[in-house]
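Subject: A structure for you to look through

Hi there,

Here is the structure I promised to pass on. Please open it alongside this message and follow along as you read.

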Amino acid sequence: MIVDLKNWLIFQKDVFGEEIYTNNFNKDLILNKLEEKSRIQNNTKQQEKLFKIDFKKNAKSVNLQWYNSKNLDELNNCIKTCMECGLGKTRKNFVFGVGNPNADILIIGEAPGADEDEQGEPFVGRAGQLLNKMLESIDLKRSDVYIANIIKCRPPNNRRPTNEEINECEPYLQKQIEIIKPKIILALGLTAVSSLLKIEFKMSDIRGSLLDYHGIKMIITYHPAALLRNPTWKRAAWEDLKLLKETYSNIIN
Ligand code: SF4
């Protein structure tokens with residue numbers, strides 16, 4: 001690090017405090033402080049971006065303390081009775097999410113389907129079995145990752161969730177992200193991607209590269225249900241999985 005000594009004495013007191021200014025011109029101490037300051041600033045920026053969760057002040061059907069939940073169980077207990085959009089009336093089960101609460105990888109799909117609604121767990125039907133195989137192909141188990149959806153209740157006939165339903169439900173997912181603190185998000189399908197990034201994309205334009213979601217690396221691939229309908233997309237999905245594996249390896253190494 002290069003420091004302009006002329007300006008150094010002027011700003012160091014503000015930056016580092018009295019202790020360094022007056023007594024200890026200690027290079028290691030100063031560099032540590034600089035790194036710490038930079039880390040705190042980065043974390044704060046990331047948190048400011050990530051944690052702009054829409055606190056639903058008028059919500060009647062959830063424990064309003066959901067916003068302050070410290071862990072996933074607490075959050076689930078606060079919101080599992082949610083009826084804040086019409087899907088609350090038609091669901092059989094609320095589908096919160098499943099997996100390792102400390103996972104480095106968070107997988108986000110669109111919405112629960114019939115099997116998920118029946119069992120209260122995401123990705124348990126045929127698409128879920130394919131997702132498990134996709135994970136196994138890159139030496140990951142379902143229990144290594146955390147799996148959630150953009151919305152927690154099944155839309156009737158598996159229709160695409162409306163923007164209103166997504167807007168109502170997405171704060172819960174944001175809170176899950178805040179608690180889990182994943183290092184990588186794998187977004188499955190365009191509904192998940194456009195909900196997270198707030199922009200409409202074509203899959204061909206967006207997949208295959210490493211994106212940023214509020215400081216978290218994000219990779220896009222096809223939803224397993226789409227791969228079941230269109231097996232020719234599996235080759236591209238395999239490329240995305242290899243990118244996930246490479247990115248994850250870089251992070252843990
Ligand atoms: S989809 Fe989300 S917002 Fe709508 S009722 Fe279910 S949990 Fe509540």
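Let's begin at one small spot: His 214 sits in the loop that joins strand S5 (211–213) to strand S6 (216–221). Before going further, please keep in mind that this is a predicted model.

His 214 is not a glycine, and yet its phi is positive, at about 50°. Is His 214 buried or exposed? His 214 is partly exposed, because 18 other C-beta atoms lie within 10 Å, and a buried residue would need 20 or more.

There is another residue of this kind to look up. Phe 123 also has a positive phi, about 55°, although it is not a glycine. You will find Phe 123 in the loop between helix H6 (114–119) and helix H7 (126–137). Phe 123 counts as buried, because it has 28 C-beta neighbours inside 10 Å.

**The two strands beside His 214**

Now step to either side of that loop. Leu 211 is part of strand S5, and Ile 220 is part of strand S6. With 16 C-beta neighbours inside 10 Å, Leu 211 counts as partly exposed. Ile 220 has 25 C-beta neighbours inside 10 Å and so counts as buried.

Which residues does Leu 211 touch, leaving out those up to four places away in sequence? They are Met 218 and Ile 220. On the same basis, Ile 220 touches Ala 187, Val 193, Ile 206, Arg 207, Leu 211 and Asp 240.

Two distances are worth checking on your screen. Leu 211 and Leu 197 are 14 residues apart along the chain, and their C-alpha atoms are separated by 9.9 Å. Ile 220 and Ser 209 are 11 residues apart in sequence, with 7.7 Å from C-alpha to C-alpha.

**Around the ligand**

Next, please turn the view to the ligand. The residues around it are Cys 82, Met 83, Glu 84, Cys 85, Leu 87, Gly 88, Ile 151, Lys 152, Cys 153, Glu 165, Glu 168 and Cys 169. By class, this shell has seven nonpolar residues, one polar and four charged.

Which helices each supply at least two residues of the shell? They are helix H5 (87–90) and helix H8 (163–180). The largest share, three residues, comes from H8.

Gly 86 is found in the loop between H4 and H5. With 15 C-beta neighbours inside 10 Å, Gly 86 counts as partly exposed. Gly 86 and Glu 164 are 78 residues apart in sequence, but their C-alpha atoms are 9.8 Å apart in space.

**How H4 and H8 pack**

H8 also meets another helix. The axes of helix H4 (residues 72–79) and H8 come within 10 Å of each other and cross at roughly 165°. That angle makes H4 roughly antiparallel to H8, because angles over 145 degrees are counted that way. The crossing of H4 and H8 is right-handed.

Which residues make this contact? From H4 they are Leu 72, Leu 75 and Ile 79, and from H8 they are Tyr 172, Lys 175, Gln 176 and Ile 179. Sorted by class, the contact of H4 with H8 has five nonpolar residues, one polar and one charged.

**The chain as a whole**

Finally, zoom out. The protein chain has 12 helices and six strands. It has 253 residues, and 33% of them count as buried; Phe 123 and Ile 220 are among the buried ones. Taking the contacts in the protein chain with a separation of 6 or more, 68% are between residues 24 or more positions apart.

If you would like a place to start on your own, try finding His 214 in its loop between S5 and S6, then move to Ile 220 in S6 and pick out its contacts, including Ala 187 and Asp 240. After that, look for H8 beside the ligand, where it supplies three residues of the shell.

Enjoy exploring, and write back with any questions!

Best wishes

Technical notes: Residues are numbered from 1 along each chain as its sequence is written. This is a predicted model: local features need pLDDT of at least 70, side-chain atom pairs count only at pLDDT 80 or more; totals for chains, interfaces and linings use all residues. A residue is near a molecule or strand if its C-beta atom, placed from the backbone, lies within 6 Å of it. Helices (H or I, at least four residues) and strands (E, at least two) are DSSP runs, numbered from the N terminus. Ala, Val, Leu, Ile, Met, Phe, Trp, Tyr, Cys and Pro count as nonpolar, Asp, Glu, Lys and Arg as charged, and the others, Gly among them, as polar. Axes are lines fitted to C-alpha atoms, for helices over the stretch in contact, and angles run from 0 to 180 degrees between N-to-C directions. Angles under 35 degrees count as roughly parallel, over 145 as roughly antiparallel, 65 to 115 as roughly perpendicular and the rest as oblique. A crossing is left-handed if the near helix is turned anticlockwise from the far one by less than a right angle, and right-handed if clockwise. Two residues are in contact if their C-beta atoms, placed from the backbone, lie within 7 Å. A residue is buried if 20 or more other C-beta atoms lie within 10 Å of its own, exposed if 12 or fewer, and partly exposed in between; C-beta atoms are placed from the backbone.
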